[in-house]
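Trainee: I've got a protein structure on my screen and I'd like to learn how to read it. Could you walk me through it?

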Amino acid sequence: MTKPIFALNGPNLNLLGQRQPEIYGRETLEDVAAAMADLGEELGLAVRHLQSNHEGQLVDWIQEARAQAAGIIINPGAYSHTSVAILDALNAFDGPVLEVHISNIHKREAFRHHSFVSGRAEGVIAGFGTEGYLLALRRMASLLVKR
Ligand code: CA2
């Protein structure tokens, strides 16, 4: 049986659907997790969906993924723009990494234009709303077939 995909979400993404719908849409993170689980079933991939507001917790999950996950889909939230620790953890993971941003970070403030994670990710999706997570899961399925 294939290992699961870890879907990791960083700080404040637990508030999805509750504030700033003009930027992040109306879907909650639970809606996203349910949609990814459904699509995962179709694609033959189990998805373990996790969210934390804490950098160290995200690093711990990425380290767990080394033994337990086939690939990582990550929206590191604001840590995208600051966290060398998350980049280092991802560099110690051997499988594919896909980075998702709900908003188009390149259309926003300059400090959001750089992501430490992008240099490690096989692909980056930004500005596709929460659909980006589903696109990333489809791409993950193709990447895993090719390995
Ligand atoms: O567009 C994205 O997905 C981001 O990763 C979201 C982060 C932001 O810091 C990045 O620059 C881009 C912020 C997540 C905050 O999520 C909220 C959702 C609803 C209400 C309030 C915050």
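Mentor: Sure. Let's start with a word we'll use a lot: contact means heavy atoms within 4.5 Å. Keep in mind that this is a predicted model.

Trainee: Okay, then which parts do the buried residues of H4 pack against?

Mentor: They pack against helix H3 (55-68), S3 and S4. The buried residues of helix H4, which covers residues 84-91, are Ile86, Leu87, Ala89 and Leu90. They cover an arc of only 165° around the axis, and that puts them on the same side of H4.

Trainee: What caps the N-terminal end of H4?

Mentor: That's Ser83, with a side-chain oxygen 3.4 Å from the backbone nitrogen of Ala85. You'll find Ser83 in the loop between S3 and H4. Its relative accessible area is 0%, so Ser83 is buried. If you skip neighbours within four places in sequence, Ser83 is in contact with Glu55 and Phe116.

Trainee: Let's try strands. How do I read the side chains there?

Mentor: In a regular strand, the side chains alternate between the two faces of the sheet. Now look at S1: Ile5, Ala7 and Asn9 point one way, Phe6 and Leu8 point the other way, and all are buried.

Trainee: What does that say about strand S1 and the rest of the structure?

Mentor: Five of the five residues of S1 (residues 5-9) are buried, so the strand is largely enclosed by the rest of the structure.

Trainee: And which strands is S1 joined to?

Mentor: Follow the bridges. Five of them join S1 to strand S2 (residues 47-51), and the two run parallel. Another five join S1 to S3, again running parallel. To find your place, look for Asn9 opposite Gln51 in S2, and for Ala7 opposite Ile73 in S3.

Trainee: Is His49 in S2 buried, exposed or partly exposed?

Mentor: Here you need the cut-offs: buried is under 20% relative accessible area, exposed is over 50%, and partly exposed is in between. His49 has 22%, so it counts as partly exposed. Leaving aside neighbours within four places in sequence, His49 is in contact with Ala7, Asn9, Leu29, Val32, Ala33 and Met36.

Trainee: Now for database records. Which residues does UniProt list for "binding site"?

Mentor: The unreviewed UniProt entry lists Asn75, His81, Asp88, Ile102, Ser103 and Arg112. They span 38 residues in sequence and the farthest two C-alpha atoms are 24.4 Å apart, so they do not all gather at one spot. From this set, Asn75, His81, Ile102, Ser103 and Arg112 are part of the lining of the largest pocket.

Trainee: Where does Asn75 lie?

Mentor: Asn75 lies in strand S3, which covers residues 71-75. With a relative accessible area of 3%, Asn75 is buried. Its side chain reaches the backbone nitrogen of Gly77 at 2.9 Å. Beyond neighbours within four places in sequence, the contacts of Asn75 include Leu8, Asn9, Ile102 and Tyr133.

Trainee: And where is the place of Arg112?

Mentor: Look in the loop between strand S4 (97-101) and strand S5 (123-126). Arg112 has a relative accessible area of 17%, so by the cut-off it is buried. Not counting residues up to four places away in sequence, Arg112 touches His81 and Ile105. His81 is also one of the residues UniProt lists for "binding site".

Key. Residues are numbered from 1 along each chain as its sequence is written. This is a predicted model: local features need pLDDT of at least 70, side-chain atom pairs count only at pLDDT 80 or more; totals for chains, interfaces and linings use all residues. Side-chain values use heavy atoms; hydrogens and water are left out. UniProt positions are given in the numbering used here, feature names are shortened, and annotations may be inferred rather than shown by experiment. On a 1 Å grid over the protein atoms alone, a cavity is a set of points where a 1.4 Å probe fits but cannot get out, and a pocket is an open set with protein on both sides within 12 Å along at least five of seven lines; lining residues have an atom within 4 Å of a point. Helices (H or I, at least four residues) and strands (E, at least two) are DSSP runs, numbered from the N terminus. Buried means under 20% relative accessible area, exposed over 50%, partly exposed in between (1.4 Å probe, protein chains only). A polar contact is a pair of N or O atoms within 3.5 Å; within protein, one must be able to donate a hydrogen and the other to accept it, and residues adjacent in sequence count only if both atoms are side-chain atoms. Two strands pair if DSSP finds at least two bridges between them. The arc is that of the directions from the helix axis to the C-beta atoms.
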